[in-house]
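I opened this entry to keep track of what I looked up, residue by residue and then helix by helix. My notes follow in the order in which I went through them.

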Amino acid sequence: MSWREDAKKRVALQAVKHVKDDFVVGLGSGSTAAYAIQELGRLIKQDGLQVMGVPSSSQAMMLAVNAGIQLTTLDEHPTLDLAIDGADEVDKALNMIKGGGGALTREKIVASAAKQVVIVADEKKLVPKLGSTFKVPVEVLGFALATVSAGIKELGGKPVLREGKGKVGAVVTDNGNYIVDVDFGPIDSPEELNLGLKFIPGVIETGLFMNIADIVYLGKQDGVIKLER
Ligand code: 5RP
């Protein structure tokens with residue numbers, strides 16, 4: 001296993017230590033959150049941990065089913081005790097870019113419903129400014145793709161429709177929408193940009209996650225960095 005993969009696993013295990021009996025947990029998406037889902041499953045089987053999970057994507061749902069985690073919904077549990085998720089970029093203020101796996105809308109809803117949000121990533125995801133290494137994913141209603149793209153250009157972004165791997169054409173999200181990945185370069189005011197994007201009719205959600213993370217564990221080659229809000 002490469003050091004990055006090992007680091008991802010270590011931070012996932014660290015995050016799962018926040019889970020207590022009878023918690024309802026938001027289950028994040030992506031390869032790092034997947035380690036947390038696996039670990040939760042192990043604790044359920046081996047230690048009798050009692051938890052339920054609300055998955056943030058079809059990927060998380062399938063992983064949770066395979067791990068033996070009882071699933072529930074936001075309708076049944078509109079407030080979650082904890083959410084654990086990954087990130088594509090994190091800054092020192094714990095703001096993030098998410099959506100590399102296309103699950104940004106449900107991830108933002110699930111994380112916003114949680115009393116505490118723990119983010120897990122490797123240290124390469126820590127950036128001085130959001131947008132330095134990763135484009136901003138924006139989920140867009142298909143009907144509005146052209147008008148949203150024009151609106152994004154007016155905000156200074158360069159949108160590119162996300163295309164599938166293993167499928168021709170556009171990626172269709174779990175919500176039946178498209179994703180555009182937008183190059184804004186390093187972003188000076190992510191909150192302002194997030195609001196600007198959300199004002200465009202047809203934008204479902206943005207991958208800019210502000211004031212959502214409470215704790216970020218960043219896996220290093222030789223340890224773990226903990227950032228706290
Ligand atoms: C999916 C996400 C993921 O959390 C993010 O892409 C990080 O994934 P990974 O842990 O595989 O690097 O936002 O929409």
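**T206 and its surroundings**

I began with the contacts of T206, and, leaving out residues up to four places away in sequence, I found that T206 touches L104, K108, P137, V138, N194, L197 and K198. I note here that I am working with a predicted model. T206 sits in strand β11, which covers residues 203-206. I then asked whether T206 is buried or exposed. Its relative accessibility is 0%, so T206 counts as buried.

Next I went through the polar partners of T206. Its side chain makes a polar contact of 2.5 Å with the side chain of N194, a residue that I had already listed among those T206 touches. A polar atom of the T206 side chain also lies 3.1 Å from the backbone nitrogen of L208.

**T105**

I turned to T105, which I located in helix α4, residues 104-112. Because its relative accessibility is 9% and the limit for buried is under 20%, T105 counts as buried. Which side chain is joined to that of T105 by a polar contact? I found that of E139, at 2.6 Å. Apart from residues up to four places away in sequence, T105 touches E139, N175, I204 and E205. Of these, I checked I204 and E205 against the strand limits, and both numbers fall in β11, which runs over residues 203-206.

**T32, and the helix pair α1 and α2**

T32 is in helix α2, and I recorded it as buried because its relative accessible area is 7%. Not counting residues up to four places away in sequence, T32 touches K8, V11, A12, V120 and A121. I also looked up a distance for T32: S2 is 30 residues from T32 along the chain, and their C-alpha atoms are separated by 14 Å.

The contacts of T32 led me to the packing of the helices. The axes of helix α1 (residues 3-16) and α2 come within 8 Å and cross at roughly 50°. The two helices are therefore oblique to each other, and I noted the crossing of α1 and α2 as right-handed. On the α1 side the contact is made by E5, K8, K9, V11, A12, L13 and V16, and on the α2 side by S31, T32, Y35, A36, E39, L40 and L43. I sorted the residues of this contact of α1 with α2 by character, and they divide into eight nonpolar, two polar and four charged.

**The helix pair α2 and α3**

I then followed helix α2 (residues 31-47) to helix α3 (residues 58-67), where the axes are 9 Å apart and the packing angle is about 25°. Why do I call α2 roughly parallel to α3? I do so because an angle of about 25° falls under the limit of 35 degrees. The crossing of α2 and α3 is right-handed. From α2 the contact takes in A34, I37, G41 and K45, and from α3 it takes in A60, L63, A64, N66 and A67. By character, the residues of the contact of α2 with α3 are six nonpolar, two polar and one charged.

**L161**

My next stop was L161, in strand β9, residues 158-161. Its relative accessibility is 27%, so I entered L161 as partly exposed. With residues up to four places away in sequence set aside, L161 touches L145, A170, Y178, I179 and V180. L161 and S132 are 29 residues apart along the chain, and I have their C-alpha atoms separated by 20 Å.

**R229**

I finished with R229, which lies in the segment after β14 (223-228). Is R229 buried or exposed? At 52% relative accessibility R229 counts as exposed, because the limit for exposed is over 50%. Leaving aside neighbours within four places in sequence, R229 is in contact with A93, L94, N211, I212, A213 and D214. The R229 side chain reaches the backbone oxygen of N211, one of these residues, at 3.2 Å. For a distance across the sequence I looked up D85: R229 and D85 are 144 residues apart in sequence and, C-alpha to C-alpha, 16 Å apart in space.

Methods. Residues numbered from 1 in each chain as written. Predicted model: local features only at pLDDT ≥ 70, side-chain atom pairs only at ≥ 80, totals over all residues. Heavy atoms only, no water. Axes fitted to C-alpha atoms, helices over the stretch in contact; angles between N-to-C directions. Helix = DSSP H or I, 4+ residues; strand = E, 2+ residues; numbered from the N terminus. Left-handed = near helix turned anticlockwise from the far one by under 90°. Contact = heavy atoms within 4.5 Å. Nonpolar A, V, L, I, M, F, W, Y, C, P; charged D, E, K, R; others polar. Buried < 20%, exposed > 50% of the residue type's maximum accessible area, 1.4 Å probe, protein only. Polar contact = N/O pair within 3.5 Å; in protein donor to acceptor, adjacent residues only side chain to side chain. Parallel < 35°, antiparallel > 145°, perpendicular 65-115°, else oblique.
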